[in-house]
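Trainee: I am new to this structure and would like a close look at a single part of it. Could you choose one strand and describe how it sits within the whole?

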Amino acid sequence: MFAVTIDQRGSQTHSDQVPGLLRLLAEVDACLPFERTAGDEVQGLLCDADAVIDAIERTMRSPDWSIGVGIGPVELPLPTSVRAARGPALVRAREAVEDAKKSTPVKLALHAGVPDARGSEIEALMRVVGVVLQRRKPAQWRVIDAVRQAADRAAAAAALGITVQAVSKSLLTSSEDVVLDVYPLLARLLSEADERSE
């Protein structure tokens with residue numbers, strides 16, 4: 001199972017961003033939905049790798065967060081709230097978010113609980129994707145969202161009131177096609193780590 005812990009950066013000098021993040025994460029397919037667990041921290045428990053990728057992508061639309069992903073067992077039956085959940089996945093997510101706070105250039109870390117170097121390799125791939133995601137500007141995200149929701153680029157362009165060429169240029173500069181090509185590989189590696197995690 002996958003636990004994701006997210007901590008607001010610079011919370012003592014910035015306004016509380018947790019409510020807005022929780023609205024974004026409410027659409028993530030979760031076993032136990034994201035909740036504020038302590039102060040400026042949120043946590044969720046996810047059952048599949050695609051949901052992990054979705055949560056990371058939604059969170060990385062803002063530079064305000066450090067993200068820790070933990071993979072491992074969770075005590076069953078699951079409680080009704082992630083705050084009451086227990087198990088190695090949650091411990092590892094908390095450890096990972098502490099590592100994420102110290103990492104550069106992207107505040108993202110993974111603790112996989114696998115007995116070889118596979119966890120480090122998955123984390124490296126996640127961080128490469130994270131660098132691309134955090135460089136995107138709000139206007140690029142608007143184009144990406146429109147294209148993903150529309151039947152094609154022409155429909156997205158019409159909805160945004162811009163040209164198809166402008167849509168294509170935005171997708172190119174945001175590396176959207178490359179990221180979408182990497183997501184299935186990342187999901188498979190995360191799933192394999194989940195199967196092997198102790």
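Mentor: From the N terminus on, the elements of the protein chain run β-α-β-β-α-β-α-β-α-α-α-α-α, in a model that is predicted, and the chain holds 8 helices and 5 strands. The part to look at is strand β1, which covers residues 2–8.

Begin with its surroundings: 7 of the 7 residues of β1 are buried, that is, each has under 20% relative accessible area, so the strand is largely enclosed by the rest of the structure. For the protein chain as a whole, buried residues make up 45% of the 198 residues.

Turn next to the side chains. In a regular strand they alternate between the two faces of the sheet. In β1, Phe2, Val4, Ile6 and Gln8 point one way, while Ala3, Thr5 and Asp7 point the other way, and the residues of both groups are all buried.

The strand also has partners. It is joined by 6 bridges to strand β3, residues 41–46, and these two run antiparallel; here Val4 has Gly44 of β3 as its bridge partner. With strand β4, residues 65–71, β1 shares 7 bridges, again in an antiparallel arrangement, and Ile67 of β4 is the bridge partner of Ile6.

Finally, step back to the chain around β1. Its radius of gyration is 17 Å, which agrees with the value near 16 Å for a compact globule of 198 residues, and its C-alpha trace spans about 50 × 35 × 30 Å along the principal axes. Of the contacts between residues at least 6 apart in sequence, 66% join residues at least 24 apart.

Key. Residues are numbered from 1 along each chain as its sequence is written. This is a predicted model: local features need pLDDT of at least 70, side-chain atom pairs count only at pLDDT 80 or more; totals for chains, interfaces and linings use all residues. Side-chain values use heavy atoms; hydrogens and water are left out. Helices (H or I, at least four residues) and strands (E, at least two) are DSSP runs, numbered from the N terminus. The radius of gyration is taken over C-alpha atoms; the globule rule is 2.2 Å times the number of residues to the power 0.38. Buried means under 20% relative accessible area, exposed over 50%, partly exposed in between (1.4 Å probe, protein chains only). Contact means heavy atoms within 4.5 Å. Two strands pair if DSSP finds at least two bridges between them.
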